[in-house]
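This briefing introduces a protein model and the spaces within it. Please look over the sequence and the structure before reading on.

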Amino acid sequence: MTDTALDGIAAAYHENGWVVLKEGIGEQVLRDLRASVRRISAMEREEVVCEKDSDVVRALHGCHRFDQVCAALVRHPRLVGLAEQLIGDRVYVYQFKVNVKNPQVGQRWPWHQDFAFWSIEDGMPEPHAVNIAINLDEVHELNGPLTVLTGSHRLGIIRAADQPERAAGGDWHEHVSADLTHSVPAERAAELAANHRPAQLLGPAGTISAFHPNLVHWSSDNRSDDRRTVLFVTYNSVRNAPRNVTRPAFLVDRDTTPVTPALSV
Ligand code: SIN
Ligand code: MN
């Protein structure tokens with residue numbers, strides 16, 4: 001990607017809090033990732049989380065720590081270059097997850113801001129991080145796309161007047177389930193939507209998007225016949241490591257070594 005293209009992406013990101021890139025991830029990388037997700041989904045391990053009261057896989061966590069394809073992905077020069085540009089610093093991998101959202105049964109992610117979790121649960125000092133999302137399936141209007149409120153990243157952490165600050169230390173399963181601990185009430189999100197245009201992050205498999213830690217977002221249940229798998233890598237500034245991490249390492253990576261982009265992928 002040229003410097004000019006990256007500048008345009010960064011300008012859109014800072015203005016809106018999100019950006020969908022024109023150029024996706026390569027075909028071979030996409031094929032390899034899909035194969036890894038299939039393989040990992042069949043494993044019985046803590047990193048594989050199921051939908052509530054079900055054995056349907058909801059998400060895979062921390063796969064870059066044990067799967068070679070995922071480990072290579074987080075060093076992909078395009079992802080690392082993008083993260084460094086958007087954050088303005090060297091970065092490390094704070095979190096890695098794949099949200100599978102299976103046809104008919106994949107459940108929602110209520111309205112929330114990621115930085116609420118990272119600051120309250122882990123003690124991340126500032127929202128100097130970025131989510132980079134890669135669609136592993138086509139994401140369309142009906143299979144539970146991520147919906148964001150444009151510009152809401154400038155509002156800071158939102159708390160409804162009648163909602164006391166939630167303390168840290170709950171069950172981590174409630175940070176990755178359809179009943180999220182630190183959510184934005186749906187009525188509050190509806191009010192915000194009047195001034196912060198809702199946008200769906202859509203695109204064919206391979207599409208790359210980025211969104212800000214404070215951006216208000218949700219995604220609905222998947223009632224369609226199409227799976228909606230999206231992979232998320234969260235890069236954090238090397239100078240913004242969280243101070244109070246108690247959650248499992250597959251949710252919050254303790255390795256803050258700056259990522260070195262791979263020479264070839
Ligand atoms: C997230 O908010 O972390 C994920 C939402 C989604 O997969 O739709
Ligand atoms: Mn989120």
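The points below treat the bound ligand, the cavity that holds it, and the pockets.

The structure is a predicted model. Ligand 1 sits in the largest cavity, and the protein covers 98% of the 260 Å² of accessible area that this ligand has on its own. The structure holds four cavities of 30 Å³ or more.

**The surroundings of ligand 1**

- The residues that surround ligand 1 are Lys97, Asn99, Trp109, His112, Leu146, His217, Ser219, Arg228 and Phe232.
- By class, this shell consists of three nonpolar, four polar and two charged residues.
- Ser219 has a polar side-chain atom 2.6 Å from an oxygen atom of ligand 1.
- For Arg228, a polar side-chain atom is found 2.7 Å from an oxygen atom of the ligand.
- For Lys97, the distance from a polar side-chain atom to an oxygen atom of ligand 1 is 3.0 Å.
- With the ligand placed in the largest cavity, the elements that give two or more residues to its shell are strand E4 (91-99), strand E5 (109-112) and strand E10 (217-219).

**The largest cavity**

- The largest cavity encloses about 260 Å³ of space.
- Its lining is made up of 20 residues, and those nearest the cavity centre are Lys97, Trp109, His112, Asp114 and His175.
- Two or more residues of this lining come from each of E4, E5, helix H5 (114-122) and E10.
- The lining of the largest cavity comprises nine nonpolar, seven polar and four charged residues.
- Lys97, Trp109 and His112 are among the residues around ligand 1, and they are also among those that lie nearest the centre of the largest cavity.

**The largest pocket**

- The largest pocket contains about 210 Å³ of space.
- There are 13 residues in its lining, of which His64, Val93, Asp255, Thr257 and Val259 lie nearest the centre of the pocket.
- Six nonpolar, three polar and four charged residues form the lining of the largest pocket.

**The second largest pocket**

- The volume of the second largest pocket is about 160 Å³.
- Its lining consists of Arg34, Val37, Arg38, Ser41, Val57, Val100, Asn102, Leu136, Asp137, Arg227 and Thr229.
- Helix H2 (residues 27-41) contributes the most to the lining of this pocket, with four residues.
- In terms of class, the lining of the second largest pocket has four nonpolar, three polar and four charged residues.

Definitions and conventions. Residues are numbered from 1 along each chain as its sequence is written. Chains are lettered from A and ligands numbered from 1 in the order in which they are written. This is a predicted model: local features need pLDDT of at least 70, side-chain atom pairs count only at pLDDT 80 or more; totals for chains, interfaces and linings use all residues. Side-chain values use heavy atoms; hydrogens and water are left out. A residue is near a molecule or strand if one of its heavy atoms lies within 4 Å of it. A polar contact is a pair of N or O atoms within 3.5 Å; within protein, one must be able to donate a hydrogen and the other to accept it, and residues adjacent in sequence count only if both atoms are side-chain atoms. Accessible areas come from the Shrake-Rupley method with a 1.4 Å probe; for residues, only the protein chains shown count as cover. On a 1 Å grid over the protein atoms alone, a cavity is a set of points where a 1.4 Å probe fits but cannot get out, and a pocket is an open set with protein on both sides within 12 Å along at least five of seven lines; lining residues have an atom within 4 Å of a point. A molecule sits in a cavity or pocket if more than half of its atoms lie within 2 Å of its grid points. Ala, Val, Leu, Ile, Met, Phe, Trp, Tyr, Cys and Pro count as nonpolar, Asp, Glu, Lys and Arg as charged, and the others, Gly among them, as polar. Grid points are joined across faces, edges and corners, and a volume is the space filled by probe spheres set on the points.
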